[in-house]
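Hi everyone, thanks for coming. Please bring the sequence and the structure up on your screens, and we'll walk through them together.

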Amino acid sequence: MDKHLKGVDMPSEFVSLTAGGQGYCVDIHAIREIRSWTPVTTLPHSEPSVLGVMNLRGSVIPIIDLRRKLGLGQTPDAHRNVIVIATIHARTMGLLVEAVSEIISVPKSAILPNPTQRTDGEVSHIVGLISQDEKMLRVLDIQALISKETEVAA
């Protein structure tokens, strides 16, 4: 590390999005692209949060309803829905969300700890909170949320 940067609070960048009417943000490094909604091909016997698959430039990728994965019910069909293409467990997947808002950059010190962090040893998918414009955004660890079992099931 450069000795001049020691003590500098380097910013983290996130993509803010909405799922279940709630504000979340995901590390920008996990996001490959953002696409408008297109219908998917359903697969029988998939995990309930897996909507199906889509063809992305010759690759078949699973599409996961983020709202449903978070336990907030199914995302209603709407032409304004968005698919966030992300790399999860070294695999490309799509996350269906209601909206993508913006890219935010915050110093690491501005990411507040999750006050309801699990104490039973289980990994929480909400790793912090960011206060922005009189609202709180939940920092979502999609690697923790989307288990490797989901990857196989898709």
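Let's start with strand 6 and strand 7, which pair in the antiparallel sense over 7 bridges. Bear in mind as we go that this is a predicted model. These two strands make a hairpin with 2 residues between them, and histidine 89 in that turn has a positive phi of about 55 degrees. If you'd like a pair of residues to click on, isoleucine 83 stands opposite leucine 96 in strand 7.

What pairs with strand 6 besides that? Strand 3 does, in the antiparallel sense, over 5 bridges. There, isoleucine 34 stands opposite valine 84 in strand 6. And how many of the residues in strand 6 are buried? The count is 6 of its 7, so you can think of this strand as mostly covered.

Now let's zoom out. The protein chain has 3 helices and 10 strands. Reading along the sequence, you meet five strands, a helix, five strands again, and then two helices. Of the 154 residues, 42% are buried. The accessible surface comes to about 8,900 Å², with 52% of that belonging to carbon and sulfur atoms. As for contacts between residues at least 6 apart in sequence, 55% of them join residues at least 24 apart.

On to the inside. Nonpolar side chains tend to be buried together in soluble globular proteins. Here, the largest nonpolar core has 24 residues, and Leu66, Leu140 and Ile142 are the ones with the most contacts inside it. Which elements each supply at least two of its residues? They are strand 1 (11-19), strand 2 (22-27), strand 6 (82-88), strand 7 (91-97) and helix 2 (142-145). Our friend strand 6 gives the most, with 4 residues. Apart from this core lies another one, of 8 residues, including Leu51, Met54, Ile63 and Ile83.

Let me pick out leucine 140. Not counting residues up to four places away in sequence, leucine 140 touches Tyr24, Cys25 and Val26, then Leu66 and Leu70, and also His125, Ile126 and Leu145.

Next, the loop between strand 3 and strand 4, where I have two residues to show you. Histidine 45 sits in this loop, with strand 3 covering 31-36 and strand 4 covering 50-56. Is histidine 45 buried or exposed? It counts as exposed, because its relative accessibility is 85% and the cut-off is over 50%. Histidine 45 also has a positive phi, about 65 degrees, although it is not a glycine.

Serine 49 is in that loop too, between strand 3 and strand 4. Serine 49 has a relative accessibility of 4%, so it counts as buried. Its side chain joins that of glutamate 47 through a polar contact of 3.0 Å. Leaving aside neighbours within four places in sequence, serine 49 is in contact with Ile63, Ile64, Asp65, Arg68 and Lys69. Among those, Ile63 is a name you've just heard, as one of the residues in the 8-residue core.

One last stop: glutamate 134, in the loop between strand 9 (126-132) and strand 10 (135-140). What is its phi? The value is near 65 degrees, which is positive in a residue other than glycine. Glutamate 134 counts as exposed, at 85% relative accessibility.

That's my tour, and I'm happy to take questions.

Note on methods:
Residues are numbered from 1 along each chain as its sequence is written. This is a predicted model: local features need pLDDT of at least 70, side-chain atom pairs count only at pLDDT 80 or more; totals for chains, interfaces and linings use all residues. Side-chain values use heavy atoms; hydrogens and water are left out. Buried means under 20% relative accessible area, exposed over 50%, partly exposed in between (1.4 Å probe, protein chains only). Contact means heavy atoms within 4.5 Å. Accessible areas come from the Shrake-Rupley method with a 1.4 Å probe; for residues, only the protein chains shown count as cover. A nonpolar core is a set of buried Ala, Val, Leu, Ile, Met, Phe, Trp, Tyr and Cys residues joined through side-chain atoms within 4.5 Å. A polar contact is a pair of N or O atoms within 3.5 Å; within protein, one must be able to donate a hydrogen and the other to accept it, and residues adjacent in sequence count only if both atoms are side-chain atoms. Two strands pair if DSSP finds at least two bridges between them.
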